[in-house]
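Q: Got a minute to go through this one with me? I'd like to start with the DNA and then poke at the helices and charged pairs.

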There are 2 protein chains.
Amino acid sequence: MNTELSSVFQVATKQPRKKQEEDATGGALRADARRNRERLLAAAHAVFSERGADASLGDVAKRAEVGIGTLYRHFESREALLAATCDERLLLLARESRERSESLPTLEALRVFLAELVHCGGMYKGLAASLGIVLKNHTVGCDATTAEGERLLKAAQREGEVRSDVLLDDVVCMAMAISLAAAENGSDPKRIPRLTGMFFDGLRSRPEPRGARQR
Amino acid sequence: MNTELSSVFQVATKQPRKKQEEDATGGALRADARRNRERLLAAAHAVFSERGADASLGDVAKRAEVGIGTLYRHFESREALLAATCDERLLLLARESRERSESLPTLEALRVFLAELVHCGGMYKGLAASLGIVLKNHTVGCDATTAEGERLLKAAQREGEVRSDVLLDDVVCMAMAISLAAAENGSDPKRIPRLTGMFFDGLRSRPEPRGARQR
DNA sequence: ATTCAACCGGAGCAATCCTCCGCTTAGCAA
DNA sequence: TTGCTAAGCGGAGGATTGCTCCGGTTGAAT
C-alpha cells in the first residue's frame, strides 16, 4: 500500500544520466538505449497486466531480456516505470477530456473526467494504491492529466458549481479510494458508479445553507 | 503498499492452535503463552508507532524478546496483529459512539463516527492503507466497530437521512481514503474536515429530484 | 513425579529491492 | 577504416523481510 503508499509525495522521473532534452519519451537516447527503453515499457505493461502493479521488477527486466540494472537506469523507481507505462493512456484521457469539455457543461465534463480517472486506477491490479504518487511523476501524460484536472476543477469552481475550497489532490485521492474499493473482490459492480456519484454530490456547492431539514 | 493492499478482503485471525473459546483476547492460553501475547502487543504498538504499520515484524518480535515463530503463532498475519493492537482503541470508539448516539441526532452521530474512524486510520503511519483488511479481522474491537457503524448507517437510512443504497464498506473505504490523504506530507490540516464534510454531503439523501439547478 | 499437548525460538529458505562496477558498443572524428 | 570514449549494459551480490519448520522446553493436569 502498500506497500507501501506510506509517504505519498515525491517527484522522481530522471532520465538516464544527462541530456534528456526531448522530455520523458526518450528522444536523445543512443539507439540501443532507446530500444531497451521500449522493450522495458512493453514488458512492464505485460507483466503489470497479468501480475498487478506490484509485480517483481526483476520479472519485468527478465521479460524484456534486459539486465535489472538497465531497468533501474531507465526508471528510477517502480512509480516512475508505472507512470511511463500509463503515459499513453493518461495522455489520451487528458485529450479526450479536453475535447469533451467543449460540448459538455463543465460539471458534467468533470464528472466524466473523474470516472475516467477511477477507471484508469483499475488499469493494473493494485495501481490505484499508488496513483497519487504515479501522477506526481512529470511524464507527458501525468502532467497533461493533472493540468486538465486542474483546469476543469477551477472552471467548475468559477462557475459556482463546485465548492471553492476543494483541491485537485482531494479529487485524485478520492478517485484512488474509489478505484481501490472497486478492486475488492466480491465487490458489487454498482459500487463504482455509486461511490463516484456520492463523491460528486459532495463536491458540489451547497444550494441551501444546510442547517434546515430535520430528522 | 502495500503494500500491498492488493486484494482487500480476507478473514484471518486464528488463535494459537485450537480451543480459543474466550475469543481473541486470549483467555484460555497457557500462562507463558498469555504473557508472550501481551509482550507482543506492547512491542507491536511501540514499533508501529515509531516506524509505521509496515515495520518489520522481526523487529516487533525482537522488541518483545520473543522468537519470530512465536509472533506468527499468535498472529497469523500483519493485519491480524494490527487488528489486535488497535483492539482497545476500536472498542472504545464503538462504545463512545453508542453513548453519543443517545444524545445526538443519528446523522450527527454518524458524522462523528466517521471522523473518529478517519482519526483511527491515522493511528500508525500507513495504517489507513490496510484499515479495510484490518477491520475484517474478527476481533472484539473490529466487530464492535463494524456493528456500530452498521447500526448507525442503517438507522440514518431508515430515517431517510442517508442514501439507501450505501453500504458500510463504502463508508469504510472513504474513511480510508481520507486518512490516506491526511497522511500526505505537506497536506494542509484543513483537508481532513473538508473531505469528511464533502463525503458526508454526498452521503445524504437528495432533497430535490435531481435534474434541477442550473449553472 | 510423570506425562504430553501446547508452546518456544530461531535457523534457514525464498523473494525482492537496489547498488555497484567492470565490460561492451554506438556513434563520431580523423 | 580505424580508434576513441562517453553512454549504456548487465548481473553478481549485499541487505531486508516474510514465513515455515521442527527439535527442544515447559506448564499444568493426573
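A: Sure. Keep in mind that this is a predicted model.

Q: Okay, DNA strand D to begin with. Which residues come nearest to it?
A: There are 19 residues around DNA strand D, and the nearest are Arg30(A), Asn36(A), Gly69(A), Arg73(A) and Arg78(B).

Q: And what part of the strand is facing the protein, by atoms within 4 Å?
A: Of those atoms of DNA strand D, 61% belong to sugar or phosphate, and the rest belong to bases.

Q: Which side chains have a polar atom close to a phosphate oxygen there?
A: Two examples, one from each chain. An N or O atom in the side chain of Arg73(A) is 2.9 Å from a phosphate oxygen of DNA strand D, and a polar side-chain atom of Arg78(B) lies 2.8 Å from a phosphate oxygen of that strand. The backbone joins in too: a polar backbone atom of Leu57(B) is 3.1 Å from a phosphate oxygen of DNA strand D.

Q: Which helix gives the most to that surface?
A: H3(A), with 5 residues. Helices that each supply at least two residues are H1 (31–51) and H3 (68–74) of chain A, together with H3 (68–74) of chain B.

Q: How do the residues near DNA strand D divide by type?
A: You get 8 nonpolar, 6 polar and 5 charged.

Q: Now DNA strand C. How many residues surround it?
A: The count is 22, and the closest are Ala31(A), Arg30(B), Asn36(B), Gly69(B) and Arg73(B). By type, the surface near DNA strand C divides into 9 nonpolar, 7 polar and 6 charged.

Q: Which helix gives the most there?
A: H3(B), with 5 residues. For at least two residues each, the list is H1, H2 (57–63) and H3 of chain A, plus H1 (31–51) and H3 of chain B.

Q: What are the polar contacts like on that strand?
A: A phosphate oxygen of DNA strand C is 3.1 Å from a polar backbone atom of Leu57(A). Another contact has an N or O atom in the side chain of Arg78(A) 2.9 Å from a phosphate oxygen of DNA strand C. There is a base contact as well, where a polar backbone atom of Gly69(B) is 3.3 Å from a base nitrogen of DNA strand C.

Q: Changing topic: what's the phi of Glu65(A)?
A: Positive, about 55 degrees, although Glu65(A) is not a glycine. Most residues other than glycine have a negative phi. Glu65(A) lies in the loop between H2 and H3 of chain A. Over in chain B, Glu65(B) has a positive phi near 55 degrees, and lies in the loop between H2 (57–63) and H3 of chain B.

Q: Is Glu65(A) buried or exposed?
A: Exposed, because its relative accessibility is 60% and the cut-off for exposed is over 50%.

Q: What does Glu65(A) pair with?
A: Arg39(A). They form a salt bridge, with the closest N and O atoms 3.7 Å apart. This pair links distant parts of the chain, since Arg39(A) is in helix H1 of chain A and Glu65(A) is in the loop between H2 and H3, 26 residues apart. Arg39(A) is partly exposed, at 34% relative accessible area.

Q: How many salt bridges in the whole structure?
A: The search finds 33 over all chains. One of them is Asp59(A) with Arg51(A), the closest N and O atoms being 2.6 Å apart.

Q: What about Asp170(A), which residue does it bridge to?
A: Arg194(B), with the closest N and O atoms at 2.8 Å. Asp170(A) sits in helix H8 (residues 168–183) of chain A and Arg194(B) in helix H9 (residues 191–203) of chain B, so this pair joins two chains. Both Asp170(A) and Arg194(B) are buried. Through shared partners, salt bridges join Lys136(A), Asp169(A), Asp170(A), Asp188(B), Arg191(B) and Arg194(B) into one network.

Q: Last one: where is the kink in H4(A) centred?
A: On Asp87(A), with a kink of about 55 degrees. The end C-alpha atoms of H4 (residues 78–103) of chain A are 38 Å apart, which agrees with the 38 Å that its 26 residues should span at 1.5 Å a residue.

Technical notes:
Residues numbered from 1 in each chain as written. Chains lettered and ligands numbered in written order. Predicted model: local features only at pLDDT ≥ 70, side-chain atom pairs only at ≥ 80, totals over all residues. Heavy atoms only, no water. Near = heavy atom within 4 Å. Polar contact = N/O pair within 3.5 Å; in protein donor to acceptor, adjacent residues only side chain to side chain. Helix = DSSP H or I, 4+ residues; strand = E, 2+ residues; numbered from the N terminus. Nonpolar A, V, L, I, M, F, W, Y, C, P; charged D, E, K, R; others polar. Buried < 20%, exposed > 50% of the residue type's maximum accessible area, 1.4 Å probe, protein only. Expected span 1.5 Å × (residues − 1). Bend = angle between axes of the 7 residues up to and from the residue. Salt bridge = Lys/Arg side-chain N within 4 Å of Asp/Glu carboxyl O.
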